[in-house]
Each structure stands twice: as C-alpha cells, then as structure tokens.
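Q: Hi! Could you walk me through how some helices pack in this model?
A: Happy to, let's have a look together.

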Amino acid sequence: MNSLQSFLAVAPVAVSGAGSGSGARLAPSSRRARVSACLATPPPPPTAAASGAARRELSAASLAVVEDEARYLVGTYNRSRVVIDGGRGCKLYDLDGREYLDMAAGIAVTALGHADPDVTATLARQSATLIHASNVQYTRPQVALAKRLVEASFADRAFFANSGTEANEAAIKFSRKFQRVANPDTDAPPAEFLAFSNCFHGRTMGSVALTSKSQYREPFAPVMPGGTFVEYGNLQEAKKVIQSGRLAAVFVEPVQGEGGIHSATQEFLQGLREACDEAGALLVFDEVQCGLGRTGYLWAHEAYGVSPDIMTLAKPLANGLPIGAVLVKEKVAAAISYGDHGTTFGGNPLVCQAALTVLDKIQKPGFLAEVSKKGENFKQLLRTKLSGNPHVKEVRGVGLIVGIELDVPAGPLVDACLDAGVIVLTAGKGNVVRLVPPLIISEKELEQAANVIRDCLPALDVATS
C-alpha cells in the first residue's frame, strides 16, 4: 500500500530526550457540477451573484457569525472564512448560498455524505423513541451494534465511547489493566507504551502522550509518562523497545492519519505482531481515521493479514454523530471488571442506531470495491492532470484517502480551491493537500475536484513569488 498524508499542518516531531517535559522519550532511529449520485433532493443552486471572485465576500449574516465566534468561543480553531449552513450528498452550502464540493467529509467523518436519507430516517425514528438511557440499563441498539462489530472483525467484545481520543484513552486503560492481571506476582507490571513518528492518537492527556507532535504535548506537560516513539516503519528499533519487557502495548495506525498519512507495510505490522506476542505486549491498531471503508477495506488492517488485540474506531461510524468504539479480544475483556471504566453518553441508543445504518450501507455488496476503484482512478486522474507542475512531488494514497505532496506550503492552494468551490485540507508539515471525500462520491465529482485543483495550482506561484 502507498503512503499518504493527513490534514494537520504541523511541524515534524522533534527528536528529544525524556527531559523535555513531554513525558515521552524518543528512541534513536534515524465548488460545482450537481451529480444525482451524490444528492438526494438538492437545494436550489447558488445565485450568479454568489459565484466567482465574490466568493469570499461574506454577507452581513455570515460576518455576524464570524464576529460572535470570536467573541464567545475559545480560540482553538483557525477557521476558514465560510459559514456552512447545510449539506446534501457530497455538497455543502454556506449561509450566503454558495455551493462547495466537499473533499474533506468533515475530516473523514461523513462517509455517506450529508443528509443521507437512510441515516436521517433512522435518526427521526430513534429520536422519537429513545435518545439516551444510562449504561445502568440495557438498550437494544447498543447491544446490536456491539454484536455487529464483533461479527465483522477479529474482536470478541466492544466498548463504546464518544470520540476517537476517548476510544484511545480506554485502550490505554485496558492495556494497563490487562498487564496487571497477567502479571499478578509483581507490583510493577509493564505499563509503558510505544508509538511512532508522525502519529496522532488524540488530544486528551493519555492519548496526547502517545501523539508524536511535541507541540501537542509540551504546552500541557507533564503528560502521562511512559511513552516512547520510534520511526514509523522501523521494525528493528521498535523490536528493541518491545523486547525491553516494559510495554503494556504498542499503538500504531495501519495508515497514519493526521500526522502525515503514511501506509505501513505488511512486514512492519507482522513484525510488530510477532514481537508483541513474544514480549507479552498488546498490539493496538488505531483505525479512527483509516477504518470503516476509507481504504476500500472495512478495516484497514485487513489488507495486511495482521490482526490486533485492540482496535479503536470513531470518525465515520455514525456519519457525524459523536461515537467511539474499542474492539478487543477476549483475553483483554477478561481483565476488565465492573467499574474499571465507563461513560455517561457512550453507546447511547441514538448514535448506535445511526451506526447500524452506516454499517448496513458500507457492508452492501460492491460498496467497498467501488471505494477502491474510485480511489485508484482518482489518483491516476490527479497524476495526469497535475503532471509537469514543478510544485507537485507525489500523488499517493489508498482507497479514498489521497494526498498530494508539494514542495511548498499547501495553504495558498487550499484557499484557492475554497474560492473555486472545493473544500480540501492540508496535511503533515502543511505541504500536502489531503483529500478524504464522502465514500459515496461519484467519478464525475472526483473529476471536478481534480480539475479545480489543477486550475488553482498557480496560487502556489503567486505565494512564492
């Protein structure tokens, strides 16, 4: 599988020692065509006044939203100056009536696009019946979703949370509890973790300790201690850390997401599996971004023939509703007792019923094969249309997670695409355009995106002149 890049424009991980205050050690190592396939009942097209050069001119209503955001929200996001007000299929519509082709899918979330009629109907039915009940009682949608995920994966049991970072927090806790049960004769069971360069596992205090970008960790130091990072793909260095006997688990993304989107090799993942088995460490696959059909497989790791002990899921599982899931083998589940972990909202009936509908559609015969086909065609289309441009270094990806690596920052191209009606993201160090559209996107819409990206490449010359 090819390597890819994700959407975060952040600096590479700094190689530093344990004294950095980060709680981690670095081991040495070196916008337009309306397409019926993607739209149910489309809203009216944007007016002529809402197109062309006037695209970024905001109306008074949009400006009021921007100003109120600056006044009332904590400033954690550097937002594009567009106020999204609706969506249908693979299109988004702003408050001023402009239309955008969504090549970001809410950061790889809305796999079935916006306002999917089946998801919408499910939400209407379930919200009229039961939205929330605590985990003190049983609910049918939660149990049904757990059964569905277990039957479709390596796992024996499931736990539900509300996000990817919460899923990874649960995986951290489950790994440590497993080691405590597996090593009853010691007061200091294996409790450390191995993760990899350019990885991203979340922003809460445990997950961020296993996220390699130092700028995520250092403002909040000291984070959870015991995290070590080695170069992604460097099996020999990873084995050295695993064989130390100190690890509760190894966390790895089969296809890296927000830290730069690189694909693992079969040799790397198989080597990690064997090393973990020998050392008694657990192997955790983070498929928060790459799982659930994004790569053309239901689970990204299926392409490698290697199974984990724990897998974390989130983004597309409920097509935009907040949900996270942790799938585990029985040996892990057996170590968890009543009260060891829990959540108020996790696995509520509304999100679980939505997730069941998502699975119904993604698991339909031919759906995943279409994702693979569209992704491969899209890469070839981009390579053809962008060939010869000196700024384009590589087009890579797997399924419908595609990156365009540039030799300059991608920001001006992203802005130009937005002006032209296509929403894309940056990735890695900020020099990669990341394309993660809804999985239902049509070939015609993918061609539209490729054309817009090609036509907007001159923005890179303006920015560097």
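A: A crossing is called left-handed if the near helix is turned anticlockwise from the far one by less than a right angle, and right-handed if clockwise. Helices here are DSSP runs of H or I with at least four residues, numbered from the N terminus. This is a predicted model, where local features need pLDDT of at least 70 and side-chain atom pairs count only at pLDDT 80 or more, while totals for chains, interfaces and linings use all residues. Residues are numbered from 1 along each chain as its sequence is written, and side-chain values use heavy atoms, with hydrogens and water left out.

Q: Okay, so which hand is the crossing of helix 8 and helix 9?
A: The crossing of those two, helix 8 and helix 9, is right-handed.

Q: And at what angle do helix 8 and helix 9 pack?
A: Helix 8 (residues 235–242) packs on helix 9 (residues 266–279) at about 15°, and their axes are 10 Å apart. Axes are lines fitted to C-alpha atoms, for helices over the stretch in contact, and angles run from 0 to 180 degrees between N-to-C directions. That angle makes helix 8 roughly parallel to helix 9 (under 35 degrees; over 145 is roughly antiparallel, 65 to 115 roughly perpendicular and the rest oblique).

Q: Which residues meet there, in helix 8 and helix 9?
A: From helix 8, Leu235, Ala238, Lys239 and Ile242 meet residues of helix 9 including Phe268, Leu272 and Cys276. Contact means heavy atoms within 4.5 Å.

Q: What about Gln236, buried or exposed?
A: Gln236 sits in helix 8 and counts as exposed, at 51% relative accessibility. The cut-offs are under 20% relative accessible area for buried, over 50% for exposed, and partly exposed in between, with a 1.4 Å probe and protein chains only. Its C-alpha is 9.7 Å from that of Leu272, though Gln236 and Leu272 are 36 residues apart in sequence.

Q: Now Arg273: buried or exposed?
A: Arg273, in helix 9, is buried, with a relative accessible area of 8%. Not counting residues up to four places away in sequence, Arg273 touches Ala281, Leu283, Val306, Ser307, Pro308, Asp309 and Lys329.

Q: New topic! How do the axes of helix 12 and helix 14 cross?
A: The axes of helix 12 (residues 367–386) and helix 14 (residues 443–456) cross at roughly 25° and come within 10 Å. So helix 12 is roughly parallel to helix 14. This crossing of helix 12 and helix 14 is right-handed.
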